[in-house]
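Here's a quick walk through one protein model, meant to be read with the structure open beside you. Let's begin with a single residue and work outwards.

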Amino acid sequence: MDSDTGAAAATAKRFALGALIATCVSALVVNANTSAVAILIPAISADTGTSTDTLQWAVTGYNLVGAAVIVTSGALGDVFGRRKIFLGGLLLFIASCVLIALSQEGIGVILGRCIQGASGATILACGMSLLSAANTGKAQLRAVTLWGAASAVGAAAGPLVGGLLASTLGWQGLFWIDAAIAAACIPVALIAVAESNDPTRPKSIDWWGTVLIAAILAPLIFALTNGSAWGWASLPTLGCFAITIGAAIAFVLVEQRVKAPLLDLALLRNKILVGATLSILLGSGTVNAIMFVVSLYFQDPAALGMDAFQAGLATLPVAAAAVVLSPLITPIVSRIGARTTIALGFVIMTLAFVALAFVQASWSYALFVLPLIAVAVGMSLQNGPCSSISTSCVEPREVGAASGISNMARYVGSAVMTAIVASVYGSVTANRLAGGADQGEALAAAFSWSSIAMGIWCVLGIALALLVARHVTPRKPGEFEYAAAAASTSHTLTPPEDVRGGAAAGGAAAGAAPA
């Protein structure tokens, strides 16, 4: 009996280590890939002859598909086996990398990135579930902490690594290397990761909800991207908005009828959850949008004229600020409260964008550094607490659904806000050039108006902070809170079982309390 027990313990330990390696490495690669692509846009544009306006779909398409798939992929893992769906995500990710690297035209890159949105969401959703299932107690907490750290490191390192590879191996180098690393995770997952599922979950999958999320976002982004060229009152623009509204109504009707909805509409009655989710949407969307504009402006010969590596290096202070601040967020929240921390984050971001609104064609890189660092600091201050609040303000049984809503909001915010900023940047540049301004002045004006748009969103975030965490009972921060704050730039972590009781106990009442 003792030998059987020892063998079982050794097997469980091997499976736990295998799950840790496979999920952490894949999470690092997915997040690095996601954050690196904006730096590659100018190089891809030059190589394929596709305009940067069109290539913004390489960013927005990724996030659009990710928003539709992030919850569904987790449900597929719960029903059919998490390892099986995780492996499918890895294979799809490898295929998308190969497609992008071999593409000679922009359409291939965009299509590959849309596929990558599905694969990345699947890897993150099922990887997190595999990791939680392979561990218990404190080991589960440590594993989740490491997964969050890997996600944060990947997101921070992505632009620098992508820029370095683009300047040495070509922009395709990132995707070949990512494909190789993802391929290395497959034998680890096959040999050393145990299969798991959720036998208590309904077997039905909300396919219609998944399709309708895409149907809501795709025409909306088309309208926001092309509205200035088509005319905001034109038939194509109004038609896109009409499709979005119709799809949104259909989504609500479908979610009320399916057994296992993509989005539990009852959770939307929780004002704290809604406020935290909208704050995450604004914060994540704004950061992704500013990085898109920065990558274009810094590399344009009429602006700062950097190459891809220099542009990636130029974002290093931003990434460093987020990494350095992440361990401090939880103590700050403990001292001044979540609502004040969130509001302070949005205030700092607003001031940063006010400063960037004064950009001139004569500005050197040095003048951008402090405002961009301030954006990273503000984003960390508001995103970390919102991520924790979104899972602590609901009942323990609702934590997974709340985490899914938050992660969907990240994708939605990134898709919509990048599209808006890309439209502002492109249209202002074209209008200024048509008015006789030189290229440098036109680009500076475009950067300025893009910053104004993002500043407005941050002002809305300050107002949202008044709705968040008004009645959440603070508790002593633990290891999970630090991990959640570190990973919050790219993912809302689902608390392990031993954390959920304490996290949700005070928050459940808060969710029911009037905000």
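Leaving aside its neighbours within four places in sequence, which residues is S26 in contact with?

## S26 and its partners

Keep in mind that this is a predicted model. Setting aside residues within four places in sequence, S26 is in contact with F86, L90, I123 and C185. You'll find S26 itself in helix 1, which covers residues 2-48. Its relative accessibility is 4%, and since buried means under 20%, S26 counts as buried.

One of those partners, C185, takes us to helix 7, where C185 is among the buried residues.

## Helix 7

Helix 7 runs over residues 172-192, so that's 21 residues by the DSSP run. From its first C-alpha to its last it reaches 31 Å, close to the 30 Å expected at 1.5 Å a residue.

Its buried residues are Q172, G173, L174, F175, D178, A179, A182, C185, I186, A189 and A192. D178 is worth a second look as a reference point: V287 sits 109 residues away from D178 in sequence, with 23 Å between their C-alpha atoms.

## V109 in helix 5

Next up is V109, which has its place in helix 5 (residues 106-134). Is V109 buried or exposed? With a relative accessibility of 1%, V109 counts as buried.

If you skip neighbours within four places in sequence, V109 is in contact with I44, A58, I100, S103 and W171. For a sense of distance, V109 and L356 are 247 residues apart in sequence and 31 Å apart in space, C-alpha to C-alpha.

## How the chain is divided

The protein is divided into domain 1 (9-197), domain 2 (206-259) and domain 3 (266-492). Between the C-alpha centres of domain 1 and domain 3 there are 22 Å. How many residues does each of these two put into the contact? Domain 1 supplies 36 residues, and domain 3 supplies 34 residues.

## V287 and helix 10

V287 belongs to helix 10, residues 271-299. Its relative accessible area is 19%, and V287 is buried because the cut-off is under 20%.

Not counting residues up to four places away in sequence, V287 touches M349, V375 and M379. M349 is also on the list of buried residues of helix 13, so let's go there next.

## Helix 13 and its neighbours

Helix 13 has 19 residues, which should span 27 Å at 1.5 Å a residue; its end C-alpha atoms are 27 Å apart, which agrees. The buried residues here are A338, T341, I342, A343, G345, F346, M349, T350, A352, F353 and L356. They pack against helix 10, helix 12, helix 14 (366-392) and helix 16 (439-465).

Take helix 12 (residues 316-336) from that set: its axis comes within 7 Å of the axis of helix 13 (residues 338-356), and the two cross at roughly 120 degrees. That crossing makes helix 12 oblique to helix 13. On the helix 12 side the contact is made by I332, V333 and I336, and on the helix 13 side by A338, T340 and T341. Sorted by class, the contact has four nonpolar, two polar and no charged residues.

## One last stop: Q310

Q310 lies in helix 11, residues 308-314. With a relative accessible area of 40%, Q310 is partly exposed. Q310 and F298 are twelve residues apart in sequence, and their C-alpha atoms are 8.7 Å apart in space.

Technical notes:
Residues numbered from 1 in each chain as written. Predicted model: local features only at pLDDT ≥ 70, side-chain atom pairs only at ≥ 80, totals over all residues. Heavy atoms only, no water. Axes fitted to C-alpha atoms, helices over the stretch in contact; angles between N-to-C directions. Helix = DSSP H or I, 4+ residues; strand = E, 2+ residues; numbered from the N terminus. Parallel < 35°, antiparallel > 145°, perpendicular 65-115°, else oblique. Contact = heavy atoms within 4.5 Å. Nonpolar A, V, L, I, M, F, W, Y, C, P; charged D, E, K, R; others polar. Buried < 20%, exposed > 50% of the residue type's maximum accessible area, 1.4 Å probe, protein only. Expected span 1.5 Å × (residues − 1). Domains from an automatic or database assignment.
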